[in-house]
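Notebook open, structure about to go up on the screen. I'll jot down what I look up as I go.

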Amino acid sequence: ETHRIYPASRRTGGDAVSSAEILAEEVPVALVYNGISHAVMLATPADLEDFAIGFSLSECIVGRAGEVLDLEIIEGGSGIEVQMQITAERAQALKRHRRSLAGRTGCGLCGTESLDQLARRSARVESSTVLAEGAVARALSGLQASQALFRATGAVHAAAWCEADGRIELLREDVGRHNALDKMIGA
């Protein structure tokens with residue numbers, strides 16, 4: 001369930017008016033690789049397979065989605081576990097290069113254990129894609145119309161995959177902006 005309705009009370013002047021508010025759900029999601037818990041993130045409980053694959057790719061735990069050999073989502077009383085089996089080579093690399101994600105912020109540096117870990121270089125992106133004039137504006141103007149959870153709650157982030165002309169092809173939403181992006185990457 002991505003959202004819930006909660007009773008609320010609003011005050012206008014001195015009068016209290018009962019109402020209902022729709023809030024996005026946020027639950028602990030544990031990402032477990034080959035039986036070892038790596039990270040617990042708060043996330044909207046939708047598209048969790050996409051989230052797990054995208055997180056694994058963006059954190060360089062795997063180099064391609066095919067290195068996740070199996071994935072199972074298990075709901076429990078205190079949250080959701082996404083159990084993944086990754087190749088033996090990637091599991092060994094994860095053990096060697098584990099970093100703590102406690103206190104992580106959007107900059108991506110918090111939680112790294114040493115400055116040596118900052119030396120990883122991103123692969124150069126080569127593309128012959130040319131954006132049509134107004135493509136970014138067109139994509140942005142269509143974003144909210146594509147966001148079902150945002151329309152219901154008014155309070156979630158989204159990441160979208162768009163064509164060169166600005167048409168939105170795929171969209172993922174989450175309470176966390178990095179989670180939304182990881183879901184998009186995984187999708």
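First, the vocabulary: helices (H or I, at least four residues) and strands (E, at least two) are DSSP runs, numbered from the N terminus. With that in hand, I looked at what comes after helix 1 and found Cys60, whose phi is positive, near 60°.

Ground rules. This is a predicted model, where local features need pLDDT of at least 70 and side-chain atom pairs count only at pLDDT 80 or more, while totals for chains, interfaces and linings use all residues. Residues are numbered from 1 along each chain as its sequence is written, and side-chain values use heavy atoms, with hydrogens and water left out.

**Overall layout.** I counted five helices and eight strands. Along the sequence they run β-β-β-β-α-β-β-α-α-α-β-β-α. I then checked burial, where buried means under 20% relative accessible area, exposed over 50%, and partly exposed in between (1.4 Å probe, protein chains only). Of the 187 residues, 31% count as buried. I also looked at contacts (heavy atoms within 4.5 Å): among those with a separation of 6 or more, 42% join residues 24 or more positions apart.

**Helix 1.** How many of the 11 residues of helix 1 are buried? Eight are, so the helix is largely enclosed by the rest of the structure. I listed them as Leu48, Asp50, Phe51, Ala52, Ile53, Gly54, Phe55 and Ser56. They pack against strand 3, strand 4, strand 5 (68-76), strand 6, strand 8 (168-174) and helix 5 (177-186).

**Core.** Next I went for the largest nonpolar core, a core being a set of buried Ala, Val, Leu, Ile, Met, Phe, Trp, Tyr and Cys residues joined through side-chain atoms within 4.5 Å. It has 21 residues, and Val29, Leu31, Tyr33 and Ile86 touch the most other members. Strand 3 (27-33), strand 4 (36-43), helix 1 (48-58), strand 6 (79-86) and helix 2 each supply at least two residues. Helix 1 gives the largest share, five residues. I followed Val29 further: leaving aside neighbours within four places in sequence, Val29 is in contact with Ala39, Val40, Met41, Ala43, Leu48, Phe51, Ile80 and Val82.

**Loop residue.** Last stop was Leu131, in the loop between helix 2 (88-96) and helix 3 (135-146). Is Leu131 buried or exposed? I noted it as exposed, with a relative accessible area of 54%.
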